Amino acid sequence: MTDGPHSPSPALLFPPSAVERLAGYTPADQRAILGDGADPFGVAHTGLTWLPKEDHFGIRHEGRLVAHAGLLPLRMSIGGAITPVMGVGGVAVAPGLRGHGLARLVVGAALDHARTRGPRHALLFCRPPLTAFYERLGWRALDRPVEVEQPAGPVVMPLRTMWTPLHDDEPWPDGPVRLLSYPM
Ligand SMILES: CC(C)(COP(=O)(O)OP(=O)(O)OC[C@H]1O[C@@H](n2cnc3c(N)ncnc32)[C@H](O)[C@@H]1OP(=O)(O)O)[C@@H](O)C(=O)NCCC(=O)NCCS
């Protein structure tokens with residue numbers, strides 16, 4: 001996987017209607033997009049335990065799944081208040097089709113759905129080299145550490161936390177942030 005400057009490739013037209021809601025998302029579906037490398041998201045070094053996502057959005061090209069984004073509703077404690085948040089994860093585009101806006105499309109469709117589900121904010125965790133990518137999509141870096149649950153108890157999330165408002169540019173609430181589950 002490369003995170004460096006991505007060279008523009010010849011335009012392929014994928015309209016918003018190319019995104020479909022998937023009935024499910026199996027390990028084989030993920031392999032169809034990212035191949036069968038041991039650590040396609042580059043996060044194995046964290047040793048974290050993750051939750052599967054609940055709702056899945058994808059794009060097919062010539063019959064093959066080539067892009068995915070998943071959603072999982074979460075509960076957080078923010079400044080001591082229990083707050084619903086929409087978790088986003090499993091964002092992936094097939095290596096040969098990167099740079100055509102597929103991630104922008106599939107994440108955008110997932111967020112359109114998230115807006116119908118109630119939470120005021122969406123949240124995701126990513127490796128530091130991907131913060132610039134999510135900022136291009138309008139996400140912001142959270143300026144505070146986030147505790148997440150793990151099998152041996154809460155730990156501070158070692159990856160970057162990004163968030164985006166789902167309604168009316170609502171700011172992220174003040175106070176310490178704790179995810180009341182494993183991350184997604
Ligand atoms: C990260 C990833 C999803 C990007 O997919 P993509 O389809 O190439 O992204 P898009 O073409 O939709 O790019 C959207 C915007 O981000 C920019 N961008 C893409 N990759 C970037 C990167 N690594 N760094 C900075 N900007 C990036 C694009 O130039 C584009 O900008 P613009 O629309 O303003 O011109 C893809 O590289 C991937 O699947 N990586 C491996 C899996 C992974 O790490 N997923 C993230 C898990 S948190």
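**Exercise 1.** Which element gives the largest share of the shell around the ligand?

*Solution.* Before we start: this is a predicted model, where local features need pLDDT of at least 70, side-chain atom pairs count only at pLDDT 80 or more, and totals for chains, interfaces and linings use all residues. Residues are numbered from 1 along each chain as its sequence is written, and side-chain values use heavy atoms, with hydrogens and water left out.

Step 1: look for helices (DSSP runs of H or I, at least four residues) and strands (DSSP runs of E, at least two), numbered from the N terminus. E4, H2, E5 and helix H3 (131-136) each give two or more residues to the shell.

Step 2: pick the top contributor. That's H3, with four residues.

**Exercise 2.** Work out what surrounds the ligand and how the backbone meets it.

*Solution.* Step 1: there are 23 residues around the ligand (a heavy atom within 4 Å). Val91, Gly99, Gly101, Arg104 and Arg136 come nearest.

Step 2: sort the shell by class. You get 14 nonpolar residues (Ala, Val, Leu, Ile, Met, Phe, Trp, Tyr, Cys and Pro), five charged (Asp, Glu, Lys and Arg) and four polar (the others, Gly among them).

Step 3: check the backbone. Polar backbone atoms of Val93 and Gly99 each lie 2.8 Å from a ligand oxygen, and for Ala103 the distance is 3.1 Å.

Step 4: now the cover. Alone, the ligand exposes 940 Å², and the protein buries 83% of that (Shrake-Rupley method, 1.4 Å probe).

**Exercise 3.** Find the largest nonpolar core and follow one of its residues.

*Solution.* Step 1: a nonpolar core joins buried Ala, Val, Leu, Ile, Met, Phe, Trp, Tyr and Cys residues through side-chain atoms within 4.5 Å; buried means under 20% relative accessible area (1.4 Å probe, protein chains only). The largest one has 37 residues, and Ile59, Val88 and Tyr134 are among those with the most contacts inside it.

Step 2: see who supplies it. Helix H2 (102-114) is one of the elements giving at least two residues; in fact H2 gives the most, nine.

Step 3: follow Tyr134. Leaving aside neighbours within four places in sequence, Tyr134 is in contact (heavy atoms within 4.5 Å) with Val91, Leu124, Cys126, Trp139 and Met162.

Step 4: don't miss the second, separate core of 19 residues, which includes Val43, Leu74, Val85 and Val148.

Methods. Buried < 20%, exposed > 50% of the residue type's maximum accessible area, 1.4 Å probe, protein only. Polar contact = N/O pair within 3.5 Å; in protein donor to acceptor, adjacent residues only side chain to side chain.
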